[in-house]
Amino acid sequence: MATSIIPGAYVRIAEPHEYAEVAWILTRGFARDPCMNWLGSVREMIPDYKDQPDYDSHPASAKKILKNLFIFQSALVKATSLCGGFVTVAIIPPQRKEDKEILAATTLWLKPKQPLELSLSVIVKSKFWKILLGWGFTGAKRIQLDFSPIVETILKKRFKARNADVLDSWYLLEVATDPAYDGKGLCSLLMKDGLGRTSPKPIHLEASTSRTRDIYSHFGFEIEEECWFGKGSVDVNGLAAKGKAATGYPEWIMTKHKKLAAFAEETCFRRPRHVSLLDSPVSHPTLVEMTNMIILAEFYKPKSNYVKHANSGVDDCLSDEFSGDRSFSSALARLYTPIFWAGVSQLLAQLCLDSIQDKLSAPSHKRK
Ligand SMILES: CC(C)(COP(=O)(O)OP(=O)(O)OC[C@H]1O[C@@H](n2cnc3c(N)ncnc32)[C@H](O)[C@@H]1OP(=O)(O)O)[C@@H](O)C(=O)NCCC(=O)NCCS
């Protein structure tokens with residue numbers, strides 16, 4: 001998993017000035033998506049990118065669909081960031097000197113306990129209100145009243161059955177690869193990075209096509225429930241329909257749960273010994289354990305590890321075994337750094353005391 005066939009491709013956090021480009025990737029990626037068709041009251045399918053890659057050559061009706069989708073995606077990207085989430089991008093580095101790097105795929109993540117709350121300030125700052133101009137009240141109603149409450153209810157019920165709280169889980173809001181780079185392993189790169197950043201807490205998401213459902217299953221997600229939206233108004237592709245054709249379209253609500261106990265054991269006990277610090281300069285057993293903790297925490301510290309993650313073989317090999325939790329690790333770092341130095345001070349004090357005691361208890365003729 002997670003080796004793109006594009007040489008040098010890597011993942012990083014998107015800069016705010018790149019959000020428009022991110023929204024464009026999402027627009028292109030979701031241009032034929034059943035959920036977006038339903039939300040946007042779309043009547044005809046946008047041509048497949050493979051058949052018509054030049055968007056400028058699309059008819060006016062298709063351009064309007066894309067424009068409205070772009071408004072929605074732009075708002076979603078900004079709202080994600082405003083609500084404390086993060087946006088990652090898969091980058092294709094320049095192949096020649098005169099080339100620029102290309103943003104080719106993206107993911108939007110919302111952190112546990114920081115849901116997408118459309119407060120007045122978020123609506124204004126992210127320009128969510130503009131959705132009304134594009135998709136109208138029908139679109140807004142479908143998002144706020146038809147889709148979100150049903151998904152939330154199902155997730156709440158499922159998490160409760162596991163004695164967990166859905167609010168305490170990550171939400172993978174969207175993943176998209178620019179159709180020009182589809183099937184080249186960029187989604188895998190993003191997922192590997194994302195799974196490495198998320199905590200041992202669960203992740204939830206929705207898949208709106210059978211293909212994406214299968215891709216998420218491939219990454220270890222389980223189906224919680226299949227539910228149908230737009231019954232009576234859209235067909236299986238989310239396009240406006242009537243009568244028998246208006247079956248609605250399916251969404252799969254999926255989750256990935258990590259076992260906290262196994263994670264803690266691996267992080268705190270097995271991993272330090274596994275990393276082992278064979279050439280550790282310290283020999284006191286407690287100190288070795290503490291040093292191991294610091295090094296482990298440093299390894300999985302947020303951000304600092306980021307670029308290294310894409311290039312370093314060592315980091316890659318660790319991440320393969322450990323879809324680690326950097327926020328947990330940085331908490332460890334915060335916790336263990338003072339303990340570590342307290343340990344060092346205590347050890348030095350002990351050594352001084354030992355040597356003073358040795359001197360005092362030495363035979364008196366030696367002291368003379
Ligand atoms: C879904 C999507 C993100 C995939 O992106 P991609 O960059 O083409 O995907 P990748 O090439 O990285 O393939 C992803 C992984 O899934 C696997 N995969 C691909 N098709 C699969 C299928 N039908 N069933 C199971 N696994 C599949 C691949 O083998 C790969 O795994 P690997 O790296 O272990 O070999 C992209 O097609 C897209 O943007 N679709 C439209 C938007 C969308 O539907 N997003 C998801 C819903 S939020």
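This is a chat about a predicted model, its sheet, its helices and the surroundings of its ligand.

User: Hi! Before we start, what does the protein average in pLDDT?

Analyst: Hello! The average is 81, and 72% of the residues score at least 70.

User: And where is the pLDDT below 50?

Analyst: One such stretch is residues 264-286, which has 23 contacts in the model beyond near neighbours in sequence. Residues 364-368 also stay under 50, and there the model has one contact beyond four places in sequence.

User: Good to know. On to the sheet: how many strands form it, and in what order?

Analyst: Seven strands make an open sheet, ordered E1-E2-E3-E4-E5-E7-E6, with mixed pairing. At the edges sit E1 (10-13) and E6 (222-229), each of which pairs on one side only. On average, neighbouring strands are turned by 25° against each other, ignoring direction.

User: Mixed, okay. In what sense do E4 and E5 pair?

Analyst: E4 and E5 (residues 203-207) are parallel, with two bridges between them. If you want a spot to look at, Tyr171 has His204 in E5 as its bridge partner.

User: What about E5 and E7, parallel or antiparallel?

Analyst: Antiparallel, joined by five bridges. There, Glu206 has Ile253 of E7 as its bridge partner.

User: And how many bridges join E6 to E7?

Analyst: Seven, and those two strands run antiparallel as well. Trp228 stands opposite Pro250 of E7.

User: Now the helices. Which strands does H1 lie across?

Analyst: H1 (residues 19-29) lies across E2 (86-92), E3 (102-110) and E4, and runs at about 90° to E3.

User: Which residues of H1 are buried?

Analyst: Val22, Ala23, Ile25, Leu26, Thr27, Arg28 and Gly29 are buried in H1. The elements covering them include helix H3 (60-82) along with E2, E3 and E4.

User: And H5, which strands does that one lie across?

Analyst: H5 (residues 131-161) lies across E5, E6 and E7 (249-256), running at about 150° to E6.

User: Switching to the ligand: which residues come nearest?

Analyst: There are 24 residues around the ligand, and those that come nearest are Gly29, Thr177, Cys187, Ser188 and Asp214. Gly29 is one of the buried residues of H1 we just went through.

User: Which elements supply at least two residues of that shell?

Analyst: Strand E4 (170-177), helix H6 (186-197) and helix H7 (210-218) each do. H7 gives the most, with five residues.

User: How does the shell break down by class?

Analyst: Ten of the residues are nonpolar, eight are polar and six are charged.

User: Let's zoom in on Thr177. Which strand is it found in?

Analyst: Thr177 is found in E4.

User: And is Thr177 buried or exposed?

Analyst: Thr177 counts as buried because 22 other C-beta atoms lie within 10 Å, while the cut-off for buried is 20 or more.

User: So what is Thr177 in contact with, leaving aside neighbours within four places in sequence?

Analyst: Its contacts are Gly29, Ala104, Ala105, Asp182, Leu186 and Cys187. Gly29 and Cys187 also appear among the residues that come nearest to the ligand, as does Thr177 itself.

User: Nice. How far apart are the C-alpha atoms of Thr177 and Ala90?

Analyst: They are separated by 8.6 Å, although the two residues are 87 residues apart along the chain.

Key:
Residues numbered from 1 in each chain as written. Predicted model: local features only at pLDDT ≥ 70, side-chain atom pairs only at ≥ 80, totals over all residues. Near = placed C-beta within 6 Å. Helix = DSSP H or I, 4+ residues; strand = E, 2+ residues; numbered from the N terminus. Nonpolar A, V, L, I, M, F, W, Y, C, P; charged D, E, K, R; others polar. Pairing = 2+ DSSP bridges. Axes fitted to C-alpha atoms, helices over the stretch in contact; angles between N-to-C directions. Contact = placed C-beta atoms within 7 Å. pLDDT = per-residue confidence, 0-100. Buried ≥ 20, exposed ≤ 12 C-beta atoms within 10 Å, placed from the backbone.
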